[in-house]
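Subject: Structure for your review

Dear colleague,

Please find below the structure that I am handing over to you, followed by an account of what was found in it. I would be grateful if you could read the two side by side.

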Amino acid sequence: MSAVPSDDGQPTIGDLLHLVPRGAAAFAAEVGGWVLVGQVAEMAPGWAFRTASGKGAHAVRAPTGEVEAILDEGWAALVIKKRPGNGFADTIFIGRATSNDVRVAHTSVSKLHARVRRIGDGLFLQDAGSSNGTLVNGDVVAAGVDVALVHGDVVRFGSIVLQCFEPLRLHGVLERFVLARKEEAGQAAGPAAPRARRS
């Protein structure tokens, strides 16, 4: 991804926003995989925690009017794709250790917490025997059992809650996110001053 990642090397929603003007297909190609989005407390030196926060969380509504996502520009955008050197054919590793393909830097997340496998066009998640468990939409994922992921699923690794997005649909969500922020900023500014009448 050519967008500049955050200080810890992981991209944020803000990084992905820079790719939105390129169009949906270019966005999806550049991102390179499904994305897990959410607030992740990051481990800082001395085991102090800080949370990434941008300009405030915003509800993003689908064209039907229902809330599709809640996003913050500073939240993590963890791309589900293999890192160079991962020799396992179709398996993507998720966990706290830096050796994972997808790193979730939080103490409630096991060093190797979960695996994602590509089967055909689908993504399947399984817990890797983690200490604090994995849930999809509130349902426990048993160790070694595949659960299909779909756009919009809410996944929990330990105490970290992330939402799963298919890249083409994430592009649309981010377009609506930008629009919602602009509309909110316009409302905060108040109505425009009335124009003077010409006589």
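Four salt bridges were counted in this model, which is a predicted one. Three of them are described here, each with its partners and their exposure.

Arginine 22 and glutamate 30 form one of these contacts, with their side chains meeting at 3.6 Å from N to O. Both partners fall in the intermediate class of exposure: arginine 22 is partly exposed at a relative accessible area of 44%, and glutamate 30 is partly exposed at 25%.

A salt bridge also joins the side chains of arginine 181 and glutamate 73, where the distance from N to O is 2.7 Å. This pair connects distant parts of the chain, its two residues being 108 residues apart. Arginine 181 belongs to helix H3, which covers residues 167-189, whereas glutamate 73 sits in the loop between strand S5 (67-71) and S6. With a relative accessible area of 22%, arginine 181 is partly exposed. Glutamate 73 is likewise partly exposed, at 21%. Since buried means under 20% relative accessible area, the value of 22% keeps arginine 181 out of the buried class, and the value of 21% does so for glutamate 73.

Arginine 117 and aspartate 146 make a further salt bridge, at 2.4 Å from N to O. Arginine 117 lies in strand S9 (residues 114-119) and aspartate 146 in the loop between S12 and strand S13 (147-149), so this contact ties together parts that are 29 residues apart in sequence. Arginine 117 has a relative accessible area of 29% and is partly exposed; aspartate 146, at 30%, is partly exposed as well.

I turn now to the sheet. Six strands make up an open sheet, arranged in the order S6-S1-S15-S14-S11-S12, and their pairing is antiparallel. Which strands stand at the edges? They are S6 (76-80) and S12 (139-140); each has a single partner strand, so one side of each is left without a neighbour in the sheet. In general, the strands of a sheet pair through backbone hydrogen bonds, in either a parallel or an antiparallel manner.

Within this sheet, strand S1 (residues 34-38) and strand S15 (residues 160-165) run antiparallel and are joined by three bridges. Valine 37 stands opposite glutamine 163 of S15.

Yours sincerely

Notes:
Residues numbered from 1 in each chain as written. Predicted model: local features only at pLDDT ≥ 70, side-chain atom pairs only at ≥ 80, totals over all residues. Heavy atoms only, no water. Pairing = 2+ DSSP bridges. Helix = DSSP H or I, 4+ residues; strand = E, 2+ residues; numbered from the N terminus. Buried < 20%, exposed > 50% of the residue type's maximum accessible area, 1.4 Å probe, protein only.
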